[in-house]
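Subject: A structure to look through

Dear colleague,

I am handing over the structure that we talked about, and below it you will find a description of what turned up in it. Please keep the structure open beside the text as you read, so that you can look up each place as it is named.

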Amino acid sequence: MTTCHAFWEYILQHPWEDYSNATKKNFAHNVLLIIDKLCSCTQRGMLPTVQGIVQEFSKSAFFKLVLPEIVENLAKENCISGSFKVVQNVLEHVLNVSPSSGRRVLPMAKVLAESLVNSSCGKSAVDFLEKLSLMVAIAVPGVHADLEAFSWRDLPLLLLSEEIHKDSTKTRTTDLPVIKKEGKYHSEKEYLNTYFRLLREECFHKLKNGVSHFLSKGKCDSKEAMMYRITLKGLHTHKRENSPTTMSIGLQFTVNSEERIDWGSASWLVYGNLLCISCDGSFEQPVWAVVEKVDHEQRVIWVALCGDKTNNISEAEFVIKLQGITDDGKEAHMAESQTFYLSFGPAMDILQHKDSVPFKDFLVHPEANHMCQAEYVRKVKAPPDWGIIFESPPKSHDQDESSVYSLVEDFERMKLSNIKAKLDDTQLDAIDLALKNKVALIQGPPGTGKSFVGVSLVHLLLSMDVPKTFGPIFKHHQYTALRNKHEIDVMRQCEIIGMTVTGAAMRANLLEEIKPSVMIVEEAAEILEGQLVAAIPPSVQHLIMIGDHQQLKPVVQNPRLRKTNNLDVSMFERLVNCKIPSKQLEYQCRMRDDIVDLLRALKIYKELKTKTELIRNNHLPHCVEKSMYFCRHTSEEKPSKDSHSKRNVHEARMITEAAKTFCQQGVRPSRITVLCAYRGQVTEIKDLFQSTNVEKMGEIEVTTIDAFQVWKLPLMSFINVK
C-alpha cells in the first residue's frame with residue numbers, strides 16, 4: 001500500500017463534500033492514523049517511500065481543507081483524546097519531511113495548543129509549539145541558532161551551515177556530555193543524549209576542519225577532508241538498497257589537491273562516504289549526499305542526496321541548479337570526509353527516535369554484581385546437546401511431568417562430574433556466566449579462544465528446546481551482511497543472522513520485524529557504545545559480548561573527545577568498570593610461553609597461562625636462538641611522499657635485511673609476516689622487498705597491525721614506527 005501513489009492520490013484529493021459528516025470524521029481519522037503509523041512504526045526515521053507519501057499529503061486537498069476543520073472540531077471538544085494525539089503526531093511528521101509547510105502547520109498547531117492550555121496542559125502546549133518552531137527554524141538558511149540549547153531530539157543529523165562555518169578551534173568539547181566510565185546515568189534521556197551528541201561530533205569532526213581550511217586558506221588539508229570540483233554528468237534511477245533517495249546523480253570530478261592519489265588503495269570516494277556540496281563554493285547552503293559508486297578512470301562519481309531534513313533543496317532543484325553551473329562552464333565544490341557516514345548516520349537516527357534504552361538496568365543504572373537471567377533460558381524444559389562442550393555426556397532422560405528442569409543446575413552437575421570437557425575451566429565459566437546473566441561479558445586475551453567460545457555458545461543455544469515465540473540468534477560479525485530486505489520471509493526461518501553493527505543499524509526496521517532474541521557481539525571492546533546500543537533490536541533479551549578492552553579500543557578521530565569525553569570507552573569496558581559480572585579466559589594456545597612472559601612482566605595479563613601441549617610445535621627457526629629480538633635506532637620517521645602516513649626508511653631497510661636472511665636460511669616466505677603501524681611503511685617495505693634479488697621475497701605478507709588477522713604464523717616481525 002505504501003508504494004501505491006494512485007491509492008494515496010485518490011484518497012487525499014477526493015471531494016470530501018460527497019461524504020456525510022459522520023463518514024467524513026471516521027474516514028479522516030483512519031487516514032491520519034495510517035499516516036501516523038507509517039511514520040512511527042519503527043525506531044528509525046522515515047524511509048524514502050514514506051517521506052514521499054508525507055510530501056504528497058502536505059500538498060493535498062485533505063491537508064489544506066479537511067485537516068484544519070478536524071483541528072477546529074477537536075479544539076471545540078476540549079478533550080485530549082486519542083485523535084488529538086494522532087493529529088499532533090501528523091503535524092510533526094509533516095514538518096519533519098517538509099519544513100516549508102510550516103505556514104499551514106503552525107496555525108493548526110496554535111489551535112491545538114490553545115486547547116491544551118484550556119485543558120490545564122499548559123506545559124505540553126509550550127513544548128509542542130517550541131518543538132514545531134525549532135523544526136521550522138532549523139530549515140531556514142542563515143538562522144544562527146544556539147545549537148547547544150537544542151534538545152538532542154531536535155538536532156538535525158547533518159550539520160547546519162552555521163556549524164560548518166564555526167571556527168573548529170573554538171569548539172569546546174567541554175560543552176558536550178561526558179561518558180561515565182563507571183557509575184550510573186540519571187535517566188535514559190541523559191544516556192541517549194550523551195551518545196547521540198558525541199557520535200554527531202565525532203562524525204563531522206574531520207569534515208568541519210577540512211572545509212574550514214578550504215574557506216580560510218583556499219585549499220583543503222587532506223588529513224581532514226578532500227576537496228573536488230564537480231559538474232553534472234548524468235542521472236539514473238537505479239540505486240542500492242537502503243539508498244536515502246530514489247535517484248543517483250552522476251558528477252564529473254576533478255581533485256583539488258596537489259598530492260598524487262593511489263585510488264586503488266585510498267579510502268576516498270568509497271561507498272557510504274559523506275559528501276558536502278556547495279554550488280558556489282561558500283558552503284553557505286550545503287547539500288549533503290553519500291557516495292554510491294565511482295569510476296576512477298573516467299573521474300565520475302554517482303551520489304545520492306541524503307534524505308535528512310537538513311537538505312533545503314529537492315533532488316530536482318539541485319540537478320537544475322548544477323546543470324546551469326555546468327552549462328555556464330563553471331564548477332561546484334564538493335568536500336568529502338573519510339569518515340564512513342553509514343557507521344554514524346543510521347545509529348544517530350535510531351538514538352534520536354528511541355524512547356527507551358535496551359537493558360537499561362545494566363546500561364543506564366548499572367549495579368555491581370547485578371545478575372538477571374534471560375527469560376528464554378528460564379523457560380528451557382529439557383537438556384540441550386551437552387555433547388557440544390563435553391566429551392560423551394550421558395543421554396538425557398525424559399523429564400517427569402511433575403519435575404521442573406533447570407538448565408543452570410544441569411550445567412553445574414555436568415561441570416562437577418567426571419565427564420571430560422572440550423573447553424578449559426575458564427571457558428566453561430564463561431558459558432556458565434552467559435547462562436546466568438542476560439548481559440554477559442567474556443574477555444579473551446590473545447589466543448585464549450574467545451571466538452571458539454562464541455561458536456560453542458551459538459551451537460549450545462541452538463540445541464536448546466526454546467519456545468517458538470523466541471526469535472533467532474543475531475550474531476555481530478565482521479564479514480557477513482544481509483543483502484536484501486525482501487528476504488525477510490526467508491530470514492524469519494533462519495536460526496542465525498550475521499551482520500556488522502553498521503549493517504544492523506542500517507537494517508533496524510528489518511530486524512524489528514524478524515525479532516531476534518539473542519545478540520552475540522564479537523570484538524565488542526572495539527565498538528563505540530553509541531553505535532552498539534543503536535544496533536540492538538528491541539526484541540533482544542540476551543546480550544553476550546566477547547572482546548578484550550586491554551587490546552584494542554574503539555577508534556576515535558577527534559583527540560579531544562577521547563581525552564575529555566571518554567568516547568573511546570566501549571560499552572564492554574564501561575560495564576567491566578561498573579563491576580557487571582564478567583569472565584576472563586586464562587589459557588592461551590598461540591604464543592610460545594617466553595613471549596607470554598613479556599605480557600606478564602608488563603602486568604597486562606597477570607593470570608595468563610599457556611597450554612603447553614598445544615604450542616609445543618611452535619619451533620623457532622634454526623637460524624635464531626630466541627623468540628624475540630628488540631632493535632633500537634635513532635633514525636626518525638618522515639611523512640610519506642604521496643600521503644599523510646608515515647614511514648621510516650632506516651627501519652624498512654633493517655626489516656628487509658632480516659627478512660632476506662630468513663629466506664636465505666630456508667624459511668618459507670609464506671611463514672613470514674611483517675606488521676607495520678602505518679600504511680606508508682607498508683608501501684616502503686613492499687618496494688624494498690621487490691627490489692631485492694632474493695626469490696619470492698614479494699610473497700611475504702606485509703600489512704598494518706589493524707588489518708592483520710592472526711593465522712598462527714610461527715614467525716612474525718613487528719615494526720613500530722613512532
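**The barrel and its strands**

In strand E4, the residue that forms the bridge partner of Leu275 is Ala289. Before going further, please keep in mind that this is a predicted model. The pairing to which these two residues belong joins E3 and E4 (residues 287–295), which run in the antiparallel sense and share four bridges. On another side, E3 is joined to strand E6 (residues 332–340) by five bridges, again in the antiparallel sense, and there Asn273 stands opposite Phe340.

Which residues of E3 point one way, and which the other? Asn273, Leu275 and Ile277 point one way, while Leu274, Cys276 and Ser278 point the other way, and all of them are buried. Because six of the six residues of E3 (residues 273–278) are buried, the strand is largely enclosed by the rest of the structure.

These pairings belong to a wider arrangement, in which six strands close into a barrel in the order E1-E2-E5-E4-E3-E6, with antiparallel pairing. From one strand to the next, the twist averages 45°. As a general point, the strands of a sheet pair through backbone hydrogen bonds, and they may do so either parallel or antiparallel. Elsewhere in the barrel, strand E2 (residues 248–255) and strand E5 (residues 300–305) run antiparallel and are joined by four bridges, with Val300 in E5 as the bridge partner of Gln252.

Two helices lie across strands of the barrel. Helix H9 (residues 188–217) lies across E1, E3, E4 and E6, and its direction is at about 150° to E6. Helix H10 (residues 315–327) lies across E1, E2, E3, E4, E5 and E6, and runs at about 105° to E1.

One residue of the barrel can be followed in a little more detail, namely His236, which has its place in strand E1 (residues 225–236). Is His236 buried or exposed? With a relative accessible area of 18%, His236 is buried, since the cut-off for that word is under 20%. Leaving aside residues up to four places away in sequence, His236 touches Met247, Ser248, Lys293 and Trp302.

**Helices that pack together**

Two packed helices are described by the angle between their axes and by the distance between those axes. For helix H25 (residues 649–664) and helix H26 (residues 679–691), the axes come within 9 Å and cross at roughly 45°, and H25 and H26 are therefore oblique to each other. The crossing in which H25 passes H26 is right-handed. Among the residues that meet here are Val649, Ile655 and Ala659 in H25, and Ile685, Leu688 and Phe689 in H26.

Helix H14 (residues 407–416) and helix H15 (residues 425–436) pack at an angle of about 165°, and their axes are 10 Å apart, so H14 and H15 are roughly antiparallel to each other. H14 passes H15 in a left-handed crossing. The residues that make this contact include Leu407, Val408 and Phe411 of H14 and Leu428, Ile431 and Leu435 of H15.

Helix H4 (residues 61–77) and helix H5 (residues 82–97) pack with their axes 10 Å apart, at an angle of about 140°, which makes H4 oblique to H5. The crossing of H4 past H5 is left-handed. Phe63, Leu67, Ile70, Val71 and Leu74 in H4 meet Ser83, Phe84, Val87, Leu91 and Val94 in H5.

**The cysteines**

How many disulfides does a search of the whole structure find? The search finds zero disulfides. The closest cysteine sulfur to that of Cys306 is in Cys276, and it lies 9.7 Å away, which is too far for a bond; Cys306 is itself buried, with a relative accessible area of 8%. The sulfur of Cys623 is 9.9 Å from the closest cysteine sulfur, which is in Cys663, and this too is too far for a bond. Cys623 counts as partly exposed, because its relative accessibility is 29%.

**The chain as a whole**

The secondary structure of the chain comes to 26 helices and 19 strands, and buried residues make up 51% of its 722 residues. Of the contacts in the chain with a separation of 6 or more, 72% are between residues 24 or more positions apart.

With best wishes

Note on methods. Residues numbered from 1 in each chain as written. Predicted model: local features only at pLDDT ≥ 70, side-chain atom pairs only at ≥ 80, totals over all residues. Heavy atoms only, no water. Disulfide = S-S within 2.5 Å. Buried < 20%, exposed > 50% of the residue type's maximum accessible area, 1.4 Å probe, protein only. Pairing = 2+ DSSP bridges. Axes fitted to C-alpha atoms, helices over the stretch in contact; angles between N-to-C directions. Parallel < 35°, antiparallel > 145°, perpendicular 65-115°, else oblique. Left-handed = near helix turned anticlockwise from the far one by under 90°. Contact = heavy atoms within 4.5 Å.
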